[in-house]
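Please open the model in your viewer and keep the sequence panel visible. The tour below proceeds by selections, each followed by a short account of what is found there.

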Amino acid sequence: MFAIHGAYYDNNFGDLLLMRIFENWVRSAIPSTIVYPLLPKSEYSRFGHLFPNSQFGVKKWAQWQGLLYAGGGHFGEPQRQAQKGYRGYRSWSLRFFLRHVLPAEMCIRRQVPYLIAGVGVGPLSNPVVKREVQRIFHHADMVSVRNAESQRYVQESLGIENVQVIPDAALTLTPEDIPDTVNARVDHLLAPYGDRPLLGIHHPRYILADTPQAQALRTQLVEALKTEPDLVPVIFADDGGGKFSEPCDQLARLIQDSTGRSCLTVPFKGVWHTVALISRFSAVLTTKLHVAIVAYAMGVYAESCAVHPKVQRFFEQIGRSSQCTLIHDLDEAIAKEKIHRMIQVAHSPVEIRDNTWMETKQHALINKEIVSSFVSKQLTAA
């Protein structure tokens, strides 16, 4: 039995995708039961629908052969906590201890090996949290991080020298990873639009925010769509629940009221459905990380109005910094330029599968090699 832990809370696409990828890698290496130890009971039904062959909880922790901390940014404070000052730090610190410390401490106690693979790390303002993360990393069999900034933080602030940089595991995705049944559903959904260019628009909740930057983005998006009758705007969410799907409908109504054109709205229907949808786009506009990562992995052009610097770091990593602007730096001119560029690519696709793309995907596959080696080693030891 192998445990996989990460930020699998709140039904978020990027974190669920990483869990799915790591679970598939473990199962392809050895037949094994997979357990997600700290999944809240309130999530059992929803998460269980997406991961039907896995177990949840810590009751059988004595049977663990190993633990994998699988990707994600849970070893670093969200940017919004820094904006809230001390109370934000305190709130996040408590949540961190409740969500992410116990699996490693259980392994340390029983000398169960564990792997930390492809995570984002830092900053950590709370000294207690910082010491605990340092302890967790110190006892890990191996640590890899997803970008150079995380590596520097681990080495300089945590004093852990032996840490590799390996790009995000989601960069390994190919069209062949998508189940045939999911491809069929997405093809059926998009069939009425024929060969018209599909413009993915994500994440509507941030685009609808009451800020000058979001207003600039909405204005330029609507103005551009008025002159592009062939484009099909596809507004999609990558999180479950009404609070994430309702903004899709709100943005669609805004576009329809302003342009007289309807949009296709797609609520979150699962990890592979979202991956398949992204793979069909002519271009995509996003505010978050893993939609941009999946688009790149699938060879789809993405423009980003990022809500977190980690997105900017990803675009720097792939040599496409010009395609990412932090959302608080947006103005009318930048928004107009980005949307114009995206629409231009939607009409005349550009080939992004260059040498950097191939090298990045190949480098990301080291994640799979590390996971396979880790679980095979534990099986041999048993």
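Leaving aside its neighbours within four places in sequence, with which residues is valine 26 in contact? Select valine 26 and display its surroundings in this predicted model. The contacts are Phe2, Ile4, Ser32, Ile34, Leu68, Val371 and Val375, once neighbours within four places in sequence are left aside. Valine 26 belongs to helix H1, residues 13–29. Its relative accessibility is 0%, so valine 26 counts as buried, the cut-off being under 20%. For a sense of distance, add glutamine 55 to the selection: glutamine 55 and valine 26 are 29 residues apart in sequence, and their C-alpha atoms are 14 Å apart in space.

**The crossing of H1 and H16**

Next, select H1 together with helix H16, residues 366–381. The two axes come within 9 Å and cross at roughly 50 degrees. Because of that angle, H1 is oblique to H16. The crossing is right-handed. On the H1 side, the contact is made by Phe22, Trp25, Val26, Ser28 and Ala29. On the H16 side, Asn367, Lys368, Val371, Ser372, Val375 and Ser376 take part. By class, the residues of this contact are 6 nonpolar, 4 polar and 1 charged. Val371 and Val375 of H16 were already met as contacts of valine 26.

**The sheet**

Now select the strands of the open sheet. What is the order of its 7 strands? The order is E3-E2-E1-E4-E5-E6-E7, and the pairing is parallel. At the edges are strand E3 (55–56) and strand E7 (164–165), each of which pairs on one side only. Within the sheet, select E5 and strand E6, residues 142–145, which pair in the parallel sense over 3 bridges. Leucine 115 has methionine 142 of E6 as its bridge partner. Bring H16 back into view: this helix packs on the sheet and touches strand E1 (2–5), strand E4 (66–75), E5 and E6. The direction of H16 makes about 155 degrees with that of E5.

**The two ends of E5**

Select glutamine 111, in the loop between helix H4 (85–110) and E5. Its phi is near 60 degrees, a positive value in a residue other than glycine. Is glutamine 111 buried or exposed? Glutamine 111 is exposed, because its relative accessible area is 72% and the cut-off is over 50%.

Then move to proline 123, in the loop between strand E5 (114–121) and helix H5 (127–139). A cis peptide bond joins proline 123 to glycine 122, with omega about -5 degrees.

**A further cis peptide bond**

Select histidine 202 and histidine 203, which are joined by a cis peptide bond with omega about 10 degrees. Histidine 203 is found in the loop between strand E8 (198–201) and helix H8 (204–207).

**The crossing of H7 and H11**

Finally, select helix H7, residues 180–190, and helix H11, residues 271–280. Their axes come within 9 Å and cross at roughly 50 degrees. H7 and H11 are therefore oblique to each other, and their crossing is right-handed. From H7, the residues to display are Val182, Asn183, Arg185, Val186, Asp187, Leu189 and Leu190. They meet Trp272, His273, Ala276, Leu277 and Arg280 in H11. This contact comprises 7 nonpolar, 2 polar and 3 charged residues.

Conventions:
Residues are numbered from 1 along each chain as its sequence is written. This is a predicted model: local features need pLDDT of at least 70, side-chain atom pairs count only at pLDDT 80 or more; totals for chains, interfaces and linings use all residues. Side-chain values use heavy atoms; hydrogens and water are left out. Helices (H or I, at least four residues) and strands (E, at least two) are DSSP runs, numbered from the N terminus. Buried means under 20% relative accessible area, exposed over 50%, partly exposed in between (1.4 Å probe, protein chains only). Contact means heavy atoms within 4.5 Å. Axes are lines fitted to C-alpha atoms, for helices over the stretch in contact, and angles run from 0 to 180 degrees between N-to-C directions. Angles under 35 degrees count as roughly parallel, over 145 as roughly antiparallel, 65 to 115 as roughly perpendicular and the rest as oblique. A crossing is left-handed if the near helix is turned anticlockwise from the far one by less than a right angle, and right-handed if clockwise. Ala, Val, Leu, Ile, Met, Phe, Trp, Tyr, Cys and Pro count as nonpolar, Asp, Glu, Lys and Arg as charged, and the others, Gly among them, as polar. Two strands pair if DSSP finds at least two bridges between them.
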